[in-house]
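Dear colleague,

Please find below the structure that I am handing over to you, with its sequence. My findings follow directly after it.

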Amino acid sequence: MTTDVTPLDDARFQREVLESPAPVLVDFTATWCPPCRALAPVLDAIAADYRGRLKVASLDVDANPESAMRYGIRSVPALLLFKQGQVVQQLLGSRPRARLEQELRPHLG
């Protein structure tokens, strides 16, 4: 199965997220998290539909504790929207696609 969601790790976080010219929605997730698995298809669809305007990336917090600690992630799923290397929005928990798009829209121009 192909996806437009970019897998992240601590080593690539700076380049893929903080230095990205486009806004980046980072999904802080874990393999053991049922709400994270429920959110994955929503993020796949948003990544495909907003290609070129928004990058969607996923970071496993268990495998990449450095980035999770840096951004104070204490529960998953946690979605952080970065623009020009700065967090502009933080969303906690799974949500339906329509609600997520509504929350992201003001930041996408």
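Leucine 54 sits in the loop that runs between α2 and β3. The model is a predicted one, and the values in this message should be read accordingly. With a relative accessible area of 5%, leucine 54 is buried, since the limit for that class is under 20%. Leaving out residues up to four places away in sequence, leucine 54 touches Pro23, Val24, Leu25, Ile46, Leu81, Leu104 and Leu108. One of these partners, leucine 81, is 27 residues away in sequence, with a C-alpha to C-alpha distance of 9.6 Å.

Arginine 53 belongs to the loop between α2 and β3 as well. At 46% relative accessibility it counts as partly exposed, because that value falls between the 20% limit for buried and the 50% limit for exposed. Beyond its neighbours within four places in sequence, arginine 53 is in contact with Ala22, Pro23 and Leu108. Between arginine 53 and leucine 108 there are 7.0 Å from C-alpha to C-alpha, although the two are 55 residues apart in sequence.

Leucine 25, a partner of leucine 54, is found in strand β2, which covers residues 24-29. Its relative accessibility is 1%, so leucine 25 counts as buried. Outside the four nearest places in sequence, leucine 25 touches Leu43, Leu54, Lys55, Val56, Ala57, Leu79, Leu80, Leu81 and Leu104. The C-alpha atom of leucine 25 is also 8.4 Å from that of serine 58, a residue 33 positions away along the chain.

I turn next to the nonpolar cores. In soluble globular proteins, nonpolar side chains tend to be buried together. The largest nonpolar core in this model has 20 residues, of which Phe13, Val17, Val26, Phe28, Tyr71, Ile73 and Phe82 touch the most other members. At least two residues of this core come from each of α1 (13-18), β2, β3 (55-60) and β4 (78-83). Another core, of 16 residues, lies apart from it and includes Tyr50, Leu81, Leu91 and Leu108. As for tyrosine 71, its contacts beyond four places in sequence are Phe13, Leu18, Phe28, Leu80, Phe82 and Val87.

Which residues line the largest pocket? They are Thr3, Val5, Asp27, Thr29, Ala30, Thr31, Cys36, Arg37, Ala40, Leu43, Asp44 and Ser58. Two elements, β2 and α2 (34-49), give two or more residues to this lining, and α2 gives the most, with 5 residues. Sorted by class, the lining consists of 5 nonpolar, 4 polar and 3 charged residues. The volume of the largest pocket is about 180 Å³.

Two further residues concern the surroundings of β3. Threonine 6 is found in strand β1 (residues 6-8) and is buried, with a relative accessible area of 18%; this value counts as buried because the cut-off is 20%. Its contacts, apart from neighbours within four places in sequence, are Arg12, Glu16, Lys55, Val56, Ala57 and Ser58. Serine 20 is placed in the loop between α1 and β2 and is likewise buried, at a relative accessible area of 9%. Serine 20 is in contact with Arg15 and Lys55, neighbours within four places in sequence being left aside. In addition, a polar atom of the serine 20 side chain lies 2.9 Å from the backbone oxygen of alanine 22.

Finally, two points of backbone geometry may be of use when you inspect the model. Valine 76 and proline 77 are joined by a cis peptide bond, with omega at about 0°. Proline 77 is found in the loop between α3 (65-70) and β4. Where is glutamine 84 placed? Its place is in the loop between β4 and β5 (86-92). The phi angle of glutamine 84 is near 50°, a positive value in a residue other than glycine. Glutamine 84 counts as exposed because its relative accessibility is 73%, where exposed means over 50%.

With kind regards

Notes: Residues numbered from 1 in each chain as written. Predicted model: local features only at pLDDT ≥ 70, side-chain atom pairs only at ≥ 80, totals over all residues. Heavy atoms only, no water. Helix = DSSP H or I, 4+ residues; strand = E, 2+ residues; numbered from the N terminus. Buried < 20%, exposed > 50% of the residue type's maximum accessible area, 1.4 Å probe, protein only. Contact = heavy atoms within 4.5 Å. 1 Å grid on protein atoms, 1.4 Å probe; cavity = no way out; pocket = protein on both sides within 12 Å on 5 of 7 lines; lining within 4 Å. Points joined across faces, edges and corners; volume = space filled by probe spheres on them. Nonpolar A, V, L, I, M, F, W, Y, C, P; charged D, E, K, R; others polar. Core = buried A, V, L, I, M, F, W, Y, C linked by side-chain atoms within 4.5 Å. Polar contact = N/O pair within 3.5 Å; in protein donor to acceptor, adjacent residues only side chain to side chain.
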